[in-house]
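Here is a friendly walk through one protein model. Have a look at the picture, then read on to see who sits beside whom.

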Amino acid sequence: MKFGLFINTQFPEGFNVADRVPEIVKQVRAARDAGFASLWFPHHWLTHPLQMLQITPLMGYVAAHAQGMTIGPNILILPPLNPMHVAEEAATLDVLTGGNYILGVGLGYRQPEFDAFGIPLAERAPRFNEAISLIRRLWSEDRLSHQGRFYTVNDAGIGVKPVRPGGPPIYIAAQAEVSVRRAARVGDAWLIVNSSGLGKITPLMQTYRAALKEYGRTPIEFPITVECYVGARHATAHEECRGPLEYKYNAYAAWGLEDRTSSSFEDFARDRFIIGDKVSVKEEIARYRELLGVDHFIMRCQWPGLPQQQALESIRRLGEILTS
């Protein structure tokens with residue numbers, strides 16, 4: 001089992017974002033020192049009034065502090081982007097990290113983002129499928145020609161190849177059966193995002209494992225992204241992170257992703273977030289492993305408005321769980 005840290009790059013209106021960058025670096029170093037294996041970064045455009053740092057320059061900046069940790073997007077919204085651009089940037093990041101880059105990608109869902117790029121939401125899946133195939137070819141072939149439905153390359157190749165032969169692993173996020181089957185067919189792992197709860201994820205894992213057998217594929221690992229807060233006391237842990245988590249999930253609701261209808265924060269968090277003291281969090285991690293068979297826990301330990309010191313203490317306690 002290994003831990004990853006999902007970096008918070010989103011800040012409420014009025015926060016000085018420049019002041020947050022040194023705090024991000026401190027979290028990276030804390031995770032590295034605590035034994036975390038990976039760092040992950042979210043991606044969106046047009047998030048006003050929520051302030052959000054853009055993913056590629058931030059990953060390049062943080063790579064210098066990672067010192068051997070794996071780095072990747074969680075997730076890069078692929079369909080609005082040109083796959084040649086994505087392949088070139090991913091190859092550069094693979095070089096900067098010494099071959100420790102993973103390309104995590106997903107379909108996206110926010111209408112304003114697709115409208116701004118002039119890409120119909122209805123084209124998400126076919127663009128995604130064509131892009132994945134083309135990116136892999138660009139990484140592995142010196143020169144190629146491709147004439148697809150959306151993208152064209154005429155006897156050309158990218159300027160820098162990734163460190164790893166064939167390029168970085170591609171992890172695919174998915175929250176529906178058709179998308180999970182796609183992750184099994186063309187991805188190196190299904191990047192689970194447990195924002196909808198175990199009641200939805202558990203049957204999708206069964207779909208994924210059945211699809212792996214059908215396609216004769218073996219994933220690199222079974223990663224899951226979870227909101228996680230480890231407090232000093234179980235009795236007060238929920239209250240300590242309630243405000244920032246509610247802020248974040250209210251933003252999701254405004255974007256059309258999550259509907260917050262539960263009667264209480266505790267009900268909403270159950271089987272969706274991992275919150276408590278070290279003992280209860282360790283027990284929950286064991287439950288997730290037994291239920292899903294996941295082996296790489298990507299923990300988001302900070303949300304807009306959670307003080308830096310609380311995030312650092314949560315990371316430290318997770319490291320103690322990892323080594324206990």
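## What counts as buried

A residue is called buried when its relative accessible area is under 20%. Take Ile192: its relative accessibility is 1%, so Ile192 counts as buried. Keep in mind that everything here comes from a predicted model.

Ile192 belongs to strand E11. Setting aside neighbours up to four places off in sequence, Ile192 is in contact with Ile201, Met205, Pro223, Ile224, Thr225 and Val294. Pro223 is a nice one to look up: 31 residues separate it from Ile192 along the chain, yet their C-alpha atoms are 6.2 Å apart in space.

## Helix H7 and its neighbours

How well does the span of helix H7 agree with what we should expect? Helix H7 covers residues 198-215, which makes 18 residues. At 1.5 Å a residue it should span 26 Å, and because its end C-alpha atoms are 25 Å apart, the two values agree. Just after the helix comes Gly216, with a positive phi of about 65 degrees.

Plenty of names turn up on the buried list for H7: Leu198, Ile201, Thr202, Leu204, Met205, Thr207, Tyr208, Ala211 and Leu212. Their cover includes helix H6 (177-186), strand E11 (189-193) and helix H10 (278-292). Over in H6, the buried residues are Ser179, Val180, Arg182, Ala183 and Ala184. Helix H5 (124-140), strand E10 (170-173), E11 and H7 are among the elements that cover them.

## Rings that pair up

The model has 11 aromatic pairs. One of them is Phe3 with Phe297, an edge-to-face pair with 6.4 Å from centre to centre and 80 degrees between the planes. This pair ties together distant parts of the chain: Phe3 is in strand E1 (residues 2-6) and Phe297 is in strand E14 (residues 296-300), 294 residues apart.

Are Phe3 and Phe297 buried or exposed? Phe3 has 0% relative accessibility, so it counts as buried. Phe297 also comes out at 0%, so it is buried by that rule. Ring pairs also join Phe3 and Phe297 with Phe36 and Tyr288 in a cluster.

## Charges over rings

Some rings have a charged partner. Arg300 places its charged end over the ring of Phe6, at 4.6 Å from the centre. Arg272 does this with Phe268, lying over the ring face at 4.0 Å from its centre.

## A buried histidine

Now find His296, in strand E14. Its relative accessibility is 2%, so His296 counts as buried. What does the side chain of His296 join through a polar contact? The partner is the side chain of Glu221, at 2.8 Å.

Glu221 has company around His296. Not counting residues up to four places away in sequence, His296 touches Lys2, Phe3, Gly4, Ser38, Trp40, Glu221, Phe222, Pro223 and Ile224. Two of these names, Phe3 and Pro223, should look familiar by now.

## The nonpolar cores

The largest nonpolar core contains 87 residues, and Leu39, Trp190 and Leu318 have the most contacts inside it. Leu318 touches Phe3, Phe36, Cys228, Val230, Val281, Ile285, Met299 and Cys301, again leaving out residues up to four places away in sequence. Another core, of 16 residues, lies apart from the largest one, and its members include Tyr229, Cys241, Tyr249 and Trp255.

Technical notes:
Residues are numbered from 1 along each chain as its sequence is written. This is a predicted model: local features need pLDDT of at least 70, side-chain atom pairs count only at pLDDT 80 or more; totals for chains, interfaces and linings use all residues. Side-chain values use heavy atoms; hydrogens and water are left out. Rings of Phe, Tyr and Trp (its six-membered ring) pair if their centres lie within 6.5 Å; planes under 30 degrees apart count as stacked, over 60 as edge-to-face and the rest as tilted. Helices (H or I, at least four residues) and strands (E, at least two) are DSSP runs, numbered from the N terminus. Buried means under 20% relative accessible area, exposed over 50%, partly exposed in between (1.4 Å probe, protein chains only). A charge sits over a ring if NZ of Lys or CZ of Arg is within 6 Å of the ring centre and within 35 degrees of the ring normal. A polar contact is a pair of N or O atoms within 3.5 Å; within protein, one must be able to donate a hydrogen and the other to accept it, and residues adjacent in sequence count only if both atoms are side-chain atoms. Contact means heavy atoms within 4.5 Å. A nonpolar core is a set of buried Ala, Val, Leu, Ile, Met, Phe, Trp, Tyr and Cys residues joined through side-chain atoms within 4.5 Å. The expected span of a helix is 1.5 Å times one less than its number of residues.
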